[in-house]
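Thank you all for making time this morning. I would like to walk you through one structure, going step by step, and I will ask a few questions along the way.

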Amino acid sequence: MSDETVVRFDPHVHSAASHDGTEPVERILQHARDIGLDAIAITDHDTIERSLRAASLAPKYGLIGVPGVEISTRDGHLIGLGIETMPEPNRPFFSTVQAIRDRGGVAVVPHPFQRIRHGVSKGSLTDCDAVEVYNAWLFTGYRNRRARVFARRHCYPALAGSDAHSILTIGRAYTEIAFENAPNIDAQAILEAITDGAVSVHGRRAPFHRSIGHYVRGACRKTATITRTTPAKLLKLL
């Protein structure tokens, strides 16, 4: 008779180190434990220091910590899981994928095809290790469904992540991994399960008013990048 252990893992969470995050690492870890998560990855934008700290502190909260980062590439955002040094940002997508692999990590494409949120376009998504097919920031759900179809068609492992920027949405989407006869489950075991595709996705919609705010802020950041106007000034104009 097999001894099965199920791990609930949120692979896409932002701390206060992200320009749009609000929470300290300790509060994130405490909340993750309180809501029943087993593992978590802090994936701040273009900075990895808080993620490394969270991964080292996670066992004190009864969690498995997986280091990671959400990297800006020339073609959109890309998450590197299981790495301890960050690849240089703003390089081509394909070379950033390889840089993650060279560091022993797993390259995950978050919120693909959502250009307003710097998602990688279909034409640029030529290689990766996994695709986030359920992101909790649903507006209509169309992009999630499209991502799921793409991942299935191209045989990419499918992940779910909350993309949380505050504790209010941590765990709203998560990836579940079932391990059999595995007494010592660590970050490396989680990474191997992802690349093997031994995962399942679970999620629920973030509150509608929060989704609206999230998309508005994303639109402002994208417009600010193009016009070189600060997002704060753009929000005041709305």
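Let me start with a single pairing, in which Gly-80 has Ala-107 of β6 as its bridge partner. Please keep in mind throughout that what you see is a predicted model. The strands β5 and β6 run antiparallel, and three bridges join them. On β7, which covers residues 130-135, β6 has a parallel partner, and that pairing is made over two bridges. One of the positions involved is Val-109, whose bridge partner in β7 is Val-131.

Which residues of β6 are buried on one side, and which on the other? Val-106 and Val-108 lie on one side, Ala-107 and Val-109 lie on the other, and all of them are buried, so that both faces of the strand are covered.

If we step back to the whole chain for a moment, the secondary structure comes to seven helices and ten strands. The chain has 238 residues, of which 52% count as buried. The surface that the chain exposes is about 11,100 Å², with 51% of it supplied by carbon and sulfur atoms. Among contacts with a separation of 6 or more, 67% are between residues 24 or more positions apart.

That brings me to the interior. In soluble globular proteins, nonpolar side chains tend to be buried together. Here the largest nonpolar core has 22 residues, and those that touch the most other members are Phe-9, Val-66, Leu-81, Phe-179, Ile-190 and Ile-194. The elements that give two or more residues to this core are β1, β2, β5, β6, β9 and α5, and the largest share, six residues, comes from α5. Apart from this core lies another one, of 20 residues, with Leu-78, Ile-100, Val-109 and Ala-151 among them.

It is worth looking at Val-66 in particular, because not counting residues up to four places away in sequence, Val-66 touches a list of residues that includes Phe-9, Ile-40, Ile-42, Leu-81, Ala-187, Ile-190 and Leu-191.

What does helix α5 itself look like, and which of its residues are buried? The helix spans residues 187-196, and the buried ones are Ala-187, Ala-189, Ile-190, Leu-191, Ala-193 and Ile-194. In the loop between β9 and α5 we find Asp-186, and a polar atom of the Asp-186 side chain lies 2.9 Å from the backbone nitrogen of Ala-189. With a relative accessible area of 40%, Asp-186 is partly exposed. Although Asp-186 and Ile-64 are 122 residues apart in sequence, their C-alpha atoms are 6.3 Å apart in space. Following α5 comes Gly-197, which has a positive phi, near 75°.

A second side chain with a polar atom near a backbone nitrogen belongs to Ser-162, where the distance to the nitrogen of Ala-164 is 3.1 Å. Ser-162 is found in the loop between β8, residues 158-161, and β9, residues 173-180. Is Ser-162 buried or exposed? Its relative accessibility is 0%, and therefore Ser-162 counts as buried. Leaving aside neighbours within four places in sequence, the residues in contact with Ser-162 include Asp-10, His-12, Val-13, Ala-136, Trp-137, Thr-169 and Arg-172.

Two further loop residues deserve a remark for their backbone angles. Asn-90, in the loop between β5 and α3, has a positive phi of about 65° although it is not a glycine. His-118, in the loop between β6 and β7, likewise is not a glycine and has a positive phi of about 60°. With a relative accessibility of 24%, His-118 counts as partly exposed.

Finally, a word on the cysteines. A disulfide is a covalent bond between the sulfur atoms of two cysteines. How many disulfides does a search of the whole structure find? The search finds zero. As for how two of the cysteines sit, Cys-128 is buried, because its relative accessible area is 5%, whereas Cys-155 is exposed, because its relative accessible area is 68%.

Methods
Residues are numbered from 1 along each chain as its sequence is written. This is a predicted model: local features need pLDDT of at least 70, side-chain atom pairs count only at pLDDT 80 or more; totals for chains, interfaces and linings use all residues. Side-chain values use heavy atoms; hydrogens and water are left out. Helices (H or I, at least four residues) and strands (E, at least two) are DSSP runs, numbered from the N terminus. Buried means under 20% relative accessible area, exposed over 50%, partly exposed in between (1.4 Å probe, protein chains only). A polar contact is a pair of N or O atoms within 3.5 Å; within protein, one must be able to donate a hydrogen and the other to accept it, and residues adjacent in sequence count only if both atoms are side-chain atoms. Contact means heavy atoms within 4.5 Å. Accessible areas come from the Shrake-Rupley method with a 1.4 Å probe; for residues, only the protein chains shown count as cover. A disulfide is a pair of cysteine sulfur atoms within 2.5 Å. A nonpolar core is a set of buried Ala, Val, Leu, Ile, Met, Phe, Trp, Tyr and Cys residues joined through side-chain atoms within 4.5 Å. Two strands pair if DSSP finds at least two bridges between them.
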